Amino acid sequence: MTPTDPSGVDTSTYPTFATSPEIAGRDYSVRNSKVSGVDVSGPGDKTNNARYENYLKDRFDKESNDTTPNDDSLNYRHKYGQGKIAKDSEETFNDYFVNNYPDKSPVSLSNLVSLNSNTDIPHSTKATHSRTNDPIAVAPSPISTLTTTASVTIATPTTIAATAPSIVTTTTPSTTTTHFIERGKCLASCKGVPDGDYQSCFSCHFYITCSNGFLWDNRPCPSNLVWDDLLQMCVHATSKLLADYKEPQRTEILDYLFKPNFAASLQILKVEIGGDAIASDATEASHMHNSWEENYQRGYEWWLMKEAKKRNPNIKLYGLPWDFPGWIGNGTQNPYQDVVRLATYITKWIQGAKVYHNLDIDYIGIWNERSYDIAYIKTLRLMLDQLGFENTRIVASDDGFQYIVEDMYKDAELTAAIDIIGVHYPGTYSPQNAIQLGKTLWSSEDYSTIDNTIGGGCWARILNQNYVNGYMTSTIAWNLIDSYLEGLSWDRDSLMTAREPWSGFYIVESPIWVTAHTTQFSSPGWSYLRHGHGVDHLEKGGSIVSLTSPDKTDLTVVIETMSHDQSVCIRPNLPGYEVEPQNISLILMGDYVDIKELQVWYTKLGGNTSSSVYFSYRGTVPVQNGLVTLSLGVNEIYTLTTLTTGKRGQYPDPPASKPFPIDYYNFFYELNDSSEAPYFSAQQGVFEIVSVSDYEKHMRQMVLEPPIVWCGVSGKINATMSVLGSDKWTDIYVKAETFMVAINGSKAVYIAARIDSSKTGCDTISATGLFFFVIPLDQRYFLAKDLAGSSVITGGQSPAIDGVHNVLELLVLNGFVFGMVNNVDLFNVSIPHDASPSGFVGVGTDSFGYADFGYFITRNASNALIRKEDKTLRFQSMVHD
């Protein structure tokens with residue numbers, strides 16, 4: 001199905017359009033959408049250039065505050081879904097902008113339009129990038145310049161003079177005229193105004209954002225909120241839904257992850273740029289489901305980044321796409337069909353982060369563990385620079401070393417465009433040709449191991465040895481936290497576990513405290529010392545790394561002695577080795593010769609949690625004549641540091657663990673538009689809350705065409721599925737109200753039970769369970785054992801009617817399955833012996849396309865008494881037949 005823009009404009013092909021700091025993310029539509037927080041741009045309409053040019057001129061010259069929506073506004077809610085079509089014209093806008101704003105010329109993409117994967121950007125269009133303010137200094141390499149200062153040296157028969165890398169960073173300040181703004185007054189211009197949000201002159205239900213002198217106007221407050229300029233935020237007229245975890249547990253979990261000097265104190269947060277497709281455990285929503293709309297309120301990643309920044313303003317943010325919406329590939333699985341289109345899509349996400357959430361994205365990746373395109377990388381670098389995101393650095397290619405390194409040696413411009421070589425699961429080693437490039441090296445995804453004591457040992461070993469062996473200055477764990485339904489893929493492959501918001505239960509696992517040994521005693525901007533001078537393998541197994549503050553006044557030494565069996569990661573294979581107890585001596589020299597004592601923090605990882613010691617403060621160790629002596633056991637971690645700020649944060653025990661409540665209901669009306677319903681986990685497609693009237697909200701499946709997928713097999717199924725509940729459920733009652741959307745709607749909708757948890761995630765293509773499909777247009781139904789509908793149990797005529805709300809009910813009890821639509825019994829059959837015996841409940845569609853769910857209910861099957869008395873008795877009699 002080719003998606004249809006509700007305005008009638010054909011969007012099956014996506015035209016190239018210009019993007020600049022003045023226009024990206026802003027609303028230049030002569031139509032209006034009432035969807036809260038949506039701001040879109042899209043295909044050009046060249047039939048309306050004169051009116052559009054005047055409209056733009058009024059906006060840019062700030063001569064008119066009359067931004068009342070045009071009378072031809074469209075309500076996209078119930079009939080069309082969310083979104084609106086912008087009337088833009090590349091030629092008209094560029095001509096106007098260049099003529100009237102020569103000092104702020106937009107991105108010129110005319111020389112990029114014909115680019116493909118075999119065409120390079122002309123060298124003159126791309127300057128070589130010299131980066132400053134690295135999170136951690138670039139690892140020493142044969143082409144690095146080193147300045148002799150100081151180091152820590154492991155005592156050996158011959159003590160070698162100490163050297164350490166010194167990174168000098170300079171910043172050239174720009175000249176800015178500052179205007180003092182009185183809060184409480186609306187703004188019509190951002191010239192000379194500090195970055196921030198201000199009162200709109202249009203309405204108290206809107207506000208504007210100033211960013212780098214540019215004005216982003218008439219941004220609507222979320223539903224039921226009004227702007228308070230003294231607080232610089234949209235404030236509640238009623239109330240706001242909390243995240244799935246209630247307080248205080250939500251704050252506690254976030255503090256364990258991000259709060260400095262408390263627990264993990266994470267220094268970098270890498271998030272997925274949602275692409276409307278499955279990425280291991282669930283789908284994540286794109287900011288542009290379709291070419292004609294944008295929305296920067298979808299998903300949980302914005303919230304998570306803001307919570308991290310709230311606790312640690314210095315944390316670095318890194319975005320990486322795993323999947324892409326289908327329109328990017330124009331019907332193919334190739335996102336590089338049009339590199340300008342793809343670069344525009346990614347830069348819009350970066351702009352949305354800044355404009356809507358005041359988040360600066362520090363790093364941007366290419367495509368998770370999939371192919372890269374040289375022309376795209378160069379185009380992305382050029383577009384980022386032109387849009388004012390020179391400080392957003394490109395990481396490539398989030399896969400292996402070989403091909404990206406080889407291409408960088410062949411192409412100086414590509415090398416200049418890439419700031420960091422990021423690889424996944426390198427096994428702590430980097431090839432020599434990668435080191436000799438002189439680029440920063442990262443293990444940009446690693447760990448992925450169960451968060452028990454062995455997982456903690458894996459994490460301790462690679463945090464040190466990724467630098468000792470591979471000169472990698474950052475190691476990023478996948479995944480951050482197990483906050484997905486138990487039974488889904490990659491169970492507990494995380495730093496900690498928090499997957500019961502209904503009970504409030506969570507577990508702080510060993511990797512949290514292993515992380516603290518490094519992160520609480522170093523910061524972005526610190527440097528590793530040289531190999532052989534504080535960075536090395538220990539003689540009897542284990543490793544040592546040493547880090548120093550930029551001014552060389554503080555020193556941190558991290559030592560690990562993880563045995564093979566206590567530190568096996570899920571990948572790659574770890575060759576055997578031995579570790580023995582040992583005594584070591586450290587000699588402090590140079591700038592560190594006057595240190596008199598070091599703070600000591602200690603972890604011992606045993607075979608289980610009860611025999612382990614996590615991040616224990618052991619007082620100080622004296623430094624006598626520059627010498628420190630330690631006795632090391634096996635499976636231990638020591639941090640020796642001059643810093644006195646370390647802390648083992650602790651909250652009271654959380655509430656007890658409880659299973660998912662079998663009695664669940666959600667009518668969605670209290671949820672924010674564009675949010676996801678609590679506890680649902682989409683495995684194919686994206687399910688968002690939409691307003692269909694002033695008093696009614698639905699959960700809608702939003703994806704209209706097959707996306708470009710990371711999971712290869714998931715691209716072979718044209719169906720959607722979102723699951724909920726427990727993978728152990730057997731007998732269950734499920735009820736949902738459904739509605740088929742007229743434009744861009746799917747054909748059939750279903751409710752399901754006993755969805756096998758082993759057939760979710762990337763294996764959703766083979767999902768099994770009991771799937772009750774209803775096709776209102778044909779007034780038919782069928783019950784199948786699989787999502788693909790290839791194994792039908794029964795079927796027939798259905799009273800469901802297209803264009804109205806239909807109520808579906810499914811009861812699984814005592815070896816039978818019963819189905820009903822609009823209070824009409826449709827089937828009563830035995831469950832086949834080869835059907836899935838247990839699993840989640842769920843909803844979905846037979847194909848990509850809009851479909852609505854007005855409410856969703858589950859009940860204990862034997863107590864399904866929410867029905868009318870006669871229907872309850874009918875079900876009971878059917879059970880006993």
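Two strands pair if DSSP finds at least two bridges between them. Strands (E, at least two residues) and helices (H or I, at least four residues) are DSSP runs, numbered from the N terminus. The model is predicted: local features need pLDDT of at least 70, side-chain atom pairs count only at pLDDT 80 or more, and totals for chains, interfaces and linings use all residues. Residues are numbered from 1 along each chain as its sequence is written, and side-chain values use heavy atoms, with hydrogens and water left out.

An open sheet is built from 7 strands with parallel pairing, in the order β7-β8-β9-β10-β11-β12-β13. At its edges lie β7 and β13, each of which pairs on one side only. Within the sheet, β9 and β10 run parallel and are joined by 2 bridges. I364 stands opposite I394 in β10.

| Strand | Residues |
|---|---|
| β7 | 268-273 |
| β9 | 363-364 |
| β10 | 393-399 |
| β13 | 472-478 |

Helix α10 covers residues 453-468, 16 residues in number. From first C-alpha to last, α10 reaches 23 Å, close to the 22 Å expected at 1.5 Å a residue (1.5 Å times one less than its number of residues). α10 bends by about 25° at I462 (the angle between axes fitted to the seven residues ending there and the seven starting there). Of its 16 residues, 15 are buried (under 20% relative accessible area, 1.4 Å probe, protein chains only).

Y665 is found in strand β26, residues 664-666. Y665 counts as exposed (over 50%) because its relative accessibility is 53%.
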